[in-house]
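Here is a short report on aromatic rings and helix packing. Have the structure open as you read.

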Amino acid sequence: MAKAVKVPTLEEIREYLKSFKADPIHNQINDADHAAMHKEMTQRIFAAEMTDDVKLTAWKFCKELTKFSHAPVSPAEYKRMEKWLGETALIDVLIKACDGYYPDPAFKYGFDTIGFSYSIALISQSQYRRQDCLALLDRITQYYVRTKDDWYTVLLRNMQKLVKQFPDLNGFKTALESI
């Protein structure tokens with residue numbers, strides 16, 4: 001019999017983080033559940049209204065992201081997101097979670113580069129609500145063109161790796177290359 005997966009609520013995540021910060025010496029991140037709760041993208045994702053089924057999918061996605069040590073670089077790393085393409089409700093949540101989430105140039109410490117970049121990789125490959133996905137990618141691209149923040153190179157790499165398969169990403173690639 002499969003073990004039931006305990007999906008935390010946003011409040012439980014926040015309470016966990018509060019108690020962890022109160023006693024960091026005795027608290028340890030010892031499993032994927034705890035590692036996922038420490039990620040800013042997990043908190044942004046779980047701030048969205050979701051059904052229990054979508055929460056379970058989102059939790060599995062967040063826990064999978066803890067396995068990765070860096071933003072996607074190789075084609076194989078971008079392919080990791082293909083298995084999530086059919087999860088349209090997750091994509092809905094990710095579009096909201098990524099919108100307006102940019103690293104603060106003055107203080108990047110808390111920015112979840114891995115979670116954000118893999119979420120963007122998934123959104124970039126999704127044909128579901130394609131116009132909304134492209135609109136989000138445009139807002140993010142315009143942010144980096146405007147600020148010239150050096151994180152743009154991660155977004156540019158995303159476009160360079162995926163543009164052959166998704167030619168509608170070419171305008172973003174060109175805009176980012178102009179920085």
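One aromatic cluster in this predicted model is formed by Tyr101, Tyr102, Phe111, Phe116, Tyr143, Tyr144 and Trp151. Across the whole structure, a search finds 13 aromatic pairs. A pair of aromatic rings is described by the distance of the centres and the angle of the planes. Two pairs are set out below.

| Pair | Centre to centre | Angle between planes | Geometry |
|---|---|---|---|
| Tyr102 and Tyr143 | 4.0 Å | 10° | stacked |
| Phe111 and Trp151 | 5.6 Å | 85° | edge-to-face |

Which parts of the chain does the stacked pair link? Tyr102 sits in the loop between H6 and helix H7 (113–125), and Tyr143 lies in helix H8. They are 41 residues apart. Tyr143 has a relative accessible area of 11%, so this residue is buried, the cut-off being under 20%.

The edge-to-face pair also links distant parts of the chain. Phe111 is in the loop between H6 and H7. Trp151 is in the loop between H8 and helix H9 (152–162), 40 residues away. Both Phe111 and Trp151 are buried.

Now the helices. H6 (residues 88–98) and H8 (residues 130–147) pack at an angle of about 20°, with axes 10 Å apart. Angles under 35 degrees count as roughly parallel, so H6 is roughly parallel to H8. Their crossing is left-handed. H6 contributes Ile91, Ile95 and Cys98 to the contact. H8 contributes Asp132, Cys133, Leu136 and Ile140. By class, the contact has six nonpolar residues, no polar ones and one charged residue.

Key. Residues numbered from 1 in each chain as written. Predicted model: local features only at pLDDT ≥ 70, side-chain atom pairs only at ≥ 80, totals over all residues. Heavy atoms only, no water. Axes fitted to C-alpha atoms, helices over the stretch in contact; angles between N-to-C directions. Helix = DSSP H or I, 4+ residues; strand = E, 2+ residues; numbered from the N terminus. Parallel < 35°, antiparallel > 145°, perpendicular 65-115°, else oblique. Left-handed = near helix turned anticlockwise from the far one by under 90°. Contact = heavy atoms within 4.5 Å. Nonpolar A, V, L, I, M, F, W, Y, C, P; charged D, E, K, R; others polar. Phe/Tyr/Trp six-rings, centres within 6.5 Å; stacked < 30°, edge-to-face > 60°. Buried < 20%, exposed > 50% of the residue type's maximum accessible area, 1.4 Å probe, protein only.
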